[in-house]
Amino acid sequence: TTLFRSIDRDALNKAFIGGKGETIHNLYFHQTRPGWNPDWPTKFKDAYGYDPAAAKRLLAEAGYPNGLSLKMGVSNSDIAANLLAYQGFAADLAKIGVRVEILLQPPTRLQLDQFNGRLEVDMFNTFARGTDPIIDYRHRSCLGGTGRAPYHCDPDIVAVVKAAVAEQNLEKRAALYRQVARMELQSPPGLTMWQGLEFDGLGPR
């Protein structure tokens, strides 16, 4: 909650993507995906909306009155605008006393470390693809077959995700999706910024 309230998403949206980004309210869950709750936009603003004064107070209440230092791993293959956005993100955190060191890494190294539970940073950039929100748990290796789920995989959430993957009844699966979404809203695994559009490949047609 503390870090969420320190990020001015509207300012970053206007600065880096011309105000065309769509704020998302639950990691990987969009209004076009199964499990969406129409109450989230209002709840998100109340609980996680931009309020640096509240963020600084929460940071002190958490035991960091003088702030803290974090490392953030990002891909060095990102376009320049993305790197500037990361710097803007770090600048917002600096205003409440959170010092962020941005570490550039080759994307293959970042993903291998992420998938194998070897990340040595406190934060990292990630991305989502597909229309099924559960697929992102596979991408983040929370459902991987290595038996070593990374630290960012919440065991309680993963248990529900596994149940959803195994559930063949669509209505029951949607109910499990909503349960996952509620759990992630209460204990977010990452900082949601904005909904983006990604092209994996373009052909002549």
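What is the volume of the second largest pocket? I began my notes on this predicted model with that question. I found a volume of about 200 Å³ for the second largest pocket.

**Entry 1: the pocket lining**

I next looked up which residues line the second largest pocket. The lining consists of Ile7, Asp8, Arg9, Asp10, Thr23, His25, Pro41, Phe44, Lys45, Gly49 and Tyr50. Two elements, α2 (9-17) and α3 (40-48), give two or more residues to this lining. I noted that α3 provides the largest share, three residues. Sorted by class, the lining of the second largest pocket holds four charged, three polar and four nonpolar residues.

**Entry 2: the sheet**

I then turned to the strands. In what order do the strands of the open three-stranded sheet lie? I read the order as β3-β2-β4, and the pairing is parallel. The edge strands are β3 and β4 (123-124), each of which pairs on one side only. Between strand β2 (residues 68-75) and β4 I found two bridges in the parallel sense. I also recorded that methionine 72 stands opposite methionine 123 of β4.

**Entry 3: the nonpolar cores**

Methionine 72 and methionine 123 came up again when I examined the largest nonpolar core, which has 16 residues. Which of its residues touch the most other members? I listed Met72, Phe89, Leu93, Val98, Val100 and Met123. At least two residues of this core are supplied by each of α4 (52-61), β2, α5 (80-94) and β3.

I followed valine 100 further. Leaving aside residues up to four places away in sequence, valine 100 touches Leu70, Met72, Ala90, Leu93 and Met123.

I also noted a second, separate core of seven residues, with Val160, Val161, Ala164 and Val180 among them.

**Entry 4: glutamine 105**

My final entry concerns one residue of an edge strand. I located glutamine 105 in strand β3, which covers residues 98-105. Is glutamine 105 buried or exposed? I entered glutamine 105 as buried, because its relative accessible area is 15% and the cut-off for buried is under 20%.

Which residues does glutamine 105 touch, not counting those up to four places away in sequence? I found contacts with Gly73, Val74, Ser75, Asn76, Leu110 and Asp113. Of these partners, Gly73, Val74 and Ser75 fall within the range given for strand β2, residues 68-75.

Conventions: Residues numbered from 1 in each chain as written. Predicted model: local features only at pLDDT ≥ 70, side-chain atom pairs only at ≥ 80, totals over all residues. Heavy atoms only, no water. Helix = DSSP H or I, 4+ residues; strand = E, 2+ residues; numbered from the N terminus. Buried < 20%, exposed > 50% of the residue type's maximum accessible area, 1.4 Å probe, protein only. Contact = heavy atoms within 4.5 Å. Pairing = 2+ DSSP bridges. 1 Å grid on protein atoms, 1.4 Å probe; cavity = no way out; pocket = protein on both sides within 12 Å on 5 of 7 lines; lining within 4 Å. Points joined across faces, edges and corners; volume = space filled by probe spheres on them. Nonpolar A, V, L, I, M, F, W, Y, C, P; charged D, E, K, R; others polar. Core = buried A, V, L, I, M, F, W, Y, C linked by side-chain atoms within 4.5 Å.
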